[in-house]
Amino acid sequence: MQDSIRTENLTRTFRGKKKTKKNPEGGKDFIAVNNVSLSIREGELFGLLGPNGAGKTTLIKILTTLLAPTSGRAWIDGHDVVTEPQAIRPKINLVSGGESCGYGVLNVRENLWLFSQIYGVSNSDAKERIDRILEVVGLADKASTRISHLSTGQRQKMNFCRGFITDPKILFLDEPTLGLDVNAARSIRSFVKEWLREKPDRTMLLTTHYMSEADELCDRLAIIERGQVLACDTPAALKKKVQEYTQFSLTVSSAVDLSKVPGVHKATTISKEELTEIKVSLLDESAIGNVVKYLVETGGKIVSLKKDEPTLEDAFIELVGHGLDDKEASL
């Protein structure tokens, strides 16, 4: 399977302010993207997870030919972003959360149709795609409403629609659910997964602040901080790195020592009242069978049994050293 997006030692530095009489020291250079090397496979939904100022948006601007790198190289569908931008642009689209787009004197449908024509989409295809995506985001009843009369959330929904009506091969979503209500965000996530399933060669690069969104959608993701990629793997693998041992929580009818059971790394009694709660760390998940067997043979009664899964937030904090700057929403 070929790469849809590839970067090698990609770096972008923003120069500091020039020295002046009022500011003789000038300003320091700022490295927004620092030596990033990534390979994103065709058909993959790849995520970038990081706090504000981590370099996510700068990286996307480079990949979408809106910003030139200071050094390093990047390819989109085999084309160099610096030397072949005209070959790249017809194949991609970009949706940025919170971005103002469209013309206020036009209504929703007219705006989307205008963007479709810029990309050369036929009238019949444009109408079909516009009708479908407006239903997905709940804007079908606002199709004849001028952009200037929409709320901020409704404008963001229309902006999301704009990204799909051109049927891009590679789509960049930069915090697409920012500011949307819970139901709209869920509908969008569901549509994104369906859209990718329809054509196996479609690829999507998603940036998000929402841990749950990244965990649900991404095949793989990179955790980025201060312009550097700290880790790149599947959400499951990143979470597993945080927790060396598989853990279970058990509530049993009486106190019992599980530390000697084969496959048990550690067993800790959390509370011991009418029922006993125990945290068990296992060398391998299959060892839970040995634990259950031992309890049955010793006359113990299992009241509850739950696997304790590490979260993506646990992995992020472990790698970055802190949580996201913004308070995470429950989407």
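A salt bridge is taken here as a side-chain nitrogen of Lys or Arg within 4 Å of a carboxyl oxygen of Asp or Glu. The structure is a predicted model, in which local features need pLDDT of at least 70 and side-chain atom pairs count only at pLDDT 80 or more, while totals for chains, interfaces and linings use all residues. Residues are numbered from 1 along each chain as its sequence is written, and side-chain values use heavy atoms, with hydrogens and water left out.

The protein contains ten helices and 14 strands; helices (H or I, at least four residues) and strands (E, at least two) are DSSP runs, numbered from the N terminus. Its C-alpha trace spans about 75 × 55 × 45 Å along the principal axes. The accessible surface amounts to about 17100 Å², and carbon and sulfur atoms contribute 48% of this surface. Accessible areas were computed by the Shrake-Rupley method with a 1.4 Å probe; for residues, only the protein chains shown count as cover. Of the 331 residues, 44% are buried, where buried means under 20% relative accessible area, exposed over 50%, and partly exposed in between (1.4 Å probe, protein chains only). Among contacts (heavy atoms within 4.5 Å) with a separation of 6 or more, 70% involve residues 24 or more positions apart.

In total, 25 salt bridges satisfy the criterion. Glu216 forms a salt bridge with Lys193, with the closest N and O atoms 2.9 Å apart. This pair links distant parts of the chain, Glu216 being in helix H7 (residues 211-217) and Lys193 in helix H6, 23 residues apart. Glu216 is partly exposed at 38% relative accessibility, and Lys193 is partly exposed at 29%. Elsewhere, salt bridges with shared partners join Arg129, Arg132, Asp167, Glu194, Glu198, Lys199 and Arg202 into one network.

Within that network, Arg132 forms a salt bridge with Glu194, the closest N and O atoms lying 3.1 Å apart. Arg132 belongs to helix H4 (residues 123-137) and Glu194 to helix H6 (residues 182-198), so the salt bridge ties together parts that are 62 residues apart in sequence. The relative accessible area of Arg132 is 34%, which makes this residue partly exposed; Glu194, at 35%, is also partly exposed. A further salt bridge is formed by Glu44 and Arg41, with 3.5 Å between the closest N and O atoms. Here Glu44 is buried, at 5% relative accessible area, whereas Arg41 is partly exposed, at 36%.

Four aromatic pairs were found in a search of the whole structure. Rings of Phe, Tyr and Trp (its six-membered ring) pair if their centres lie within 6.5 Å; planes under 30 degrees apart count as stacked, over 60 as edge-to-face and the rest as tilted. Phe160 and Phe164 form a tilted pair, at 4.7 Å centre to centre and 50° between the planes. These two residues are four apart in helix H5 (residues 152-164), and are therefore separated by about one helical turn. Both Phe160 and Phe164 are buried. Phe164 also forms an edge-to-face pair with Trp195, at 5.1 Å centre to centre and 90° between the planes. This second pair links distant parts of the chain, with Phe164 in helix H5 and Trp195 in helix H6, 31 residues apart. Trp195, like Phe164, is buried. Phe160, Phe164, Phe191 and Trp195 form one aromatic cluster.

Charges also sit over rings, a placement that requires NZ of Lys or CZ of Arg within 6 Å of the ring centre and within 35 degrees of the ring normal. The charged end of Arg6 sits over the ring of Trp75, 4.1 Å from the ring centre. Arg162 lies over the face of Phe115, with a distance of 5.5 Å to the ring centre.

Strands are treated as paired if DSSP finds at least two bridges between them. Strand S1 (residues 3-14) runs antiparallel to S4, and five bridges join the two. In this pairing, Thr11 has Ser71 of S4 as its bridge partner. S4 also pairs with strand S5 (residues 79-80) in the antiparallel sense, over two bridges, and Ile76 has His79 of S5 as its bridge partner. The hairpin of S4 and S5 has two residues between the strands, and Asp77 there takes a positive phi near 50°.

Thr65 lies in the loop between helix H1 (56-63) and strand S4 (71-76). Thr65 is buried, at 13% relative accessibility. Apart from its neighbours within four places in sequence, Thr65 is in contact with Val81, Pro85, Ile88 and Arg89.
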